[in-house]
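User: I'm new to this structure and would like to understand the reasoning behind its descriptions. Could you walk me through it?

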Amino acid sequence: MHRKAFLRSTLAAMAALALPRVHAATGAWPDRPINYVVAFPPGSNTDVLGRIVAQHLGDLLHTSVVVDNRPGATGMIGSAYVAKAPPDGYTLLGASIASHAINPSLFRNMQYDAVRSFQPITIIGMNGNTLVVRQDSPYRSVPDIIADARKRPGAISFASSGIGTTQHLSGVLLEQLAGIRMVHVPYSSRSALPDVIGGQVDFMFEGPTVISHVKGGKLRALAVTSPRRLESLPDVPTMMEAGVAGYQVQAWQAIFAPAGVPANIVDKLYHAVAEVLKQPKVLAQLRDMGVEPSGMPPQEFARFQQAEIHKWAEVVRKAGIKAES
């Protein structure tokens, strides 16, 4: 009897000692700075949006959120780093459609699984690309491009920032839906815009950075790839309005954590970011960039990501796209 009583008291004491540690690991989060790894270079959409969110997120969580750029390999270097980090809520990932929806179809030997290695938190925002031509281009509309491409298969050129990017796949999707064939010119080491402005390439699809060139008169915008017109370019039709049925491309920037992060931390993170995205100053910053704020809940985001992976896998497969080595 004495031995059983001793064992019971010992186990009770051990349990009591363990309780503060559990509380510290789950209930007191965060009690130190959070590392926000951006998988793309400084100045990229992922980086700019990540810094906007990080500043306000730190204020809401009463801690520092430190942005740590780890670019390379279309987002794979930073993503692989976070995939291997402890799932304690102190390492987050600023990622995109490229790293977590397109790459799985382009690369066979990725160092992370875009789905199983991560816990989705939320999408910060989405942005369409804008189809632009030089100011004196003979193309005045998307139907003009399609009609000429059908007359001269393989003669019209479009630029992108690299194979497998949303700029590239925007052109590929146009080819597939319109039944045309064009020449893709990837610019992986420098901007393609000067050559589009100069007429060396016929057109390109580009993200929010192109809006200032359109407003400045250097380029003409023919359509946007988003489902709705942009507030910053209200007179420019969507691709569907321009006659390409079923056409929609939206890049997205998102926040992930390593798989296995406790549910209470996921919930706290999500609601904090969602609160950031409601702030008028943040909304104004995103809209000036041509970005539509999201704040999609984690479970909905997980379903959306799966649908995006499937969508782009089909586009990549049909086009026979191969990743750059």
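User: What makes strand β6 and β7 a pair?

Analyst: In this predicted model, four bridges join β6 (residues 157-160) to β7. A pair needs at least two bridges, so β6 and β7 count as paired. These two strands run parallel. As one of the bridge partners, alanine 159 has valine 185 opposite in β7.

User: Why are β7 and β9 called edge strands?

Analyst: The open sheet has five strands in the order β7-β6-β8-β5-β9, with mixed pairing. Both β7 (183-186) and β9 (219-224) pair on one side only, so they are its edge strands. Neighbouring strands of this sheet are turned by 30° against each other on average, direction ignored.

User: Which helix packs on this sheet, and which strands does it touch?

Analyst: That is helix α5 (residues 142-151), which touches β5 (130-134), β8 (203-206) and β9. The direction of α5 makes about 90° with that of β9.

User: Let's turn to the rings. Why is the pair of phenylalanine 203 and phenylalanine 205 called edge-to-face?

Analyst: The structure holds nine aromatic pairs, and this is one of them. The ring centres of phenylalanine 203 and phenylalanine 205 are 5.8 Å apart, within the 6.5 Å cut-off, so the rings pair. Their planes stand at 75°, which is over 60, and therefore the pair is edge-to-face. Both phenylalanine 203 and phenylalanine 205 are buried.

User: How do you know that tryptophan 252 and phenylalanine 304 are edge-to-face?

Analyst: By the two checks again: their centres lie 5.9 Å apart, within 6.5 Å, and their planes are at 65°, over 60, so the pair is edge-to-face. Tryptophan 252 belongs to strand β10 (residues 250-258) and phenylalanine 304 to helix α11 (residues 298-319), so this pair ties together parts that are 52 residues apart in sequence. Ring pairs also link tryptophan 252 and phenylalanine 304 into a cluster whose members include Tyr112 and Phe118.

User: Are tryptophan 252 and phenylalanine 304 buried or exposed, and why?

Analyst: Tryptophan 252 has a relative accessible area of 0%, which is under 20%, so it is buried. Phenylalanine 304 has 22%, between 20% and 50%, and is therefore partly exposed.

User: What makes arginine 32 count as lying over the face of tyrosine 90?

Analyst: Arginine 32 is at 3.7 Å from the ring centre of tyrosine 90, and that is within the 6 Å cut-off, so the distance condition is met. Likewise, the charged end of arginine 70 sits over the ring of tyrosine 81, 3.8 Å from its centre.

Terms used: Residues numbered from 1 in each chain as written. Predicted model: local features only at pLDDT ≥ 70, side-chain atom pairs only at ≥ 80, totals over all residues. Heavy atoms only, no water. Phe/Tyr/Trp six-rings, centres within 6.5 Å; stacked < 30°, edge-to-face > 60°. Buried < 20%, exposed > 50% of the residue type's maximum accessible area, 1.4 Å probe, protein only. Lys NZ or Arg CZ within 6 Å of the ring centre and 35° of its normal. Axes fitted to C-alpha atoms, helices over the stretch in contact; angles between N-to-C directions. Contact = heavy atoms within 4.5 Å.
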